[in-house]
Amino acid sequence: MFCQKCGNKLEENVIFCPRCGARQPVDAKTEQAVENAVKPPEQKDEKTVLPPHGPKTLLKVYEQMQKKAALCPEIKSVVRKDSRSWVVVEGKYNQYKILVPNNHNPVSLYYTPGSPLAILITICFVLYIADVLIFRDTLFLAGIWGMAIAVNLYGYRIAAAGCKEKKTVMSFIKDTLELSKYTETPAGFEIFMCSMTMFIGVLGIVCYGMTYMGL
């Protein structure tokens, strides 16, 4: 059995590659067997006891996430970044970074929007800027800005899915590591970004319409 992403040789019944952290496409029977081994029915999880801060804590956090991540389908990969003291958990829509400091500060959990939403918003802004520089006062400007607004409407759907994933994954990580505190981007950040992009597009079309009609 080999990793579908990096080609690393894997043992049987491994869901996450220990080299690149990618989730493997195992069958439902195998995944259920691993989940049962991780969390036996009607048995409470033992508390996670983290060792003193430093490399040992980072390794412990990584091992805990590798072991329990099979219970959270939203998690696609778990990767350890020794140089930055991070354990990076990748979801479909977002990225979650578990920071393990070398001092006595607590383990922290951070979240950043993933590439799907960032790509859509970037496309919108590129269309806006390129349209103004190339077409200016022609009808193409209104058409392309309308296209950008349509792309941004799809961005709302991605943002809503990202918010749902964020709530699930961050709660799962917090419970797995028993973190009492964690840093999180304010709720609705993705929706706010989509709204700002939409506002620019609508305002631009209104201004263009007023100019085109000579108002």
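Modeller: A residue is called buried under 20% relative accessible area, exposed over 50% and partly exposed in between, computed with a 1.4 Å probe and protein chains only. This is a predicted model, in which local features need pLDDT of at least 70 and side-chain atom pairs count only at pLDDT 80 or more, whereas totals for chains, interfaces and linings use all residues. Residues are numbered from 1 along each chain as its sequence is written, and side-chain values use heavy atoms, with hydrogens and water left out.

Colleague: Why is Cys 17 called buried?

Modeller: The relative accessible area of Cys 17 is 0%, so this residue meets the criterion for buried. In the protein chain as a whole, buried residues make up 40% of the 215 residues.

Colleague: How do you know that Cys 17 is in no disulfide?

Modeller: A disulfide is a covalent bond between the sulfur atoms of two cysteines, and here the term is applied to a pair of cysteine sulfur atoms within 2.5 Å. A search of the whole structure finds zero disulfides. For Cys 17, the nearest cysteine sulfur belongs to Cys 6 and is 3.7 Å away, so the pair does not meet the cut-off.

Colleague: What makes the sulfur of Cys 194 unable to bond with that of Cys 124?

Modeller: The closest cysteine sulfur to that of Cys 194 is in Cys 124, at 8.0 Å, which is too far for a bond. Cys 194 is itself buried, because its relative accessible area is 0%.

Colleague: What is the order of the elements in the protein chain, from the N terminus on?

Modeller: The order is α-α-β-β-β-β-α-α-α, with five helices and four strands. These are DSSP runs numbered from the N terminus, helices (H or I) having at least four residues and strands (E) at least two.

Colleague: Why does Asn 94 count as buried?

Modeller: Asn 94, in strand E3 (residues 94-99), has 3% relative accessibility and therefore counts as buried. Its contacts (heavy atoms within 4.5 Å) include Tyr 111, Pro 113 and Lys 166.

Colleague: What makes the pair of Asn 94 and Gly 162 a polar contact?

Modeller: A polar contact is a pair of N or O atoms within 3.5 Å; within protein, one must be able to donate a hydrogen and the other to accept it, and residues adjacent in sequence count only if both atoms are side-chain atoms. A polar atom of the Asn 94 side chain lies 2.9 Å from the backbone oxygen of Gly 162.

Colleague: Why is Thr 122 called partly exposed?

Modeller: Thr 122, placed in helix H3, has a relative accessible area of 47%, and is therefore partly exposed. Its side chain reaches the backbone oxygen of Ala 118 at 2.7 Å.

Colleague: Which residues make the nonpolar surface patch?

Modeller: Phe 125, Ile 129, Leu 133, Ile 134, Phe 199, Ile 200 and Leu 203 make this patch of about 690 Å². Helix H3 (115-134) and helix H5 (189-212) each give two or more residues to it, and the largest share, four residues, comes from H3. Patches take residues with over 30% relative accessible area and no salt bridge (a side-chain nitrogen of Lys or Arg within 4 Å of a carboxyl oxygen of Asp or Glu), joining like charges within 9 Å and nonpolar side chains (Val, Leu, Ile, Met, Phe, Trp, Tyr) within 5 Å. Ile 200, at 32%, is partly exposed and so passes the area criterion.

Colleague: Why does Lys 56 count as exposed?

Modeller: Lys 56, found in helix H2 (residues 55-68), has 66% relative accessibility, and therefore counts as exposed.

Note on methods. Accessible areas come from the Shrake-Rupley method with a 1.4 Å probe; for residues, only the protein chains shown count as cover. Lists of a residue's contacts leave out its neighbours within four places in sequence.
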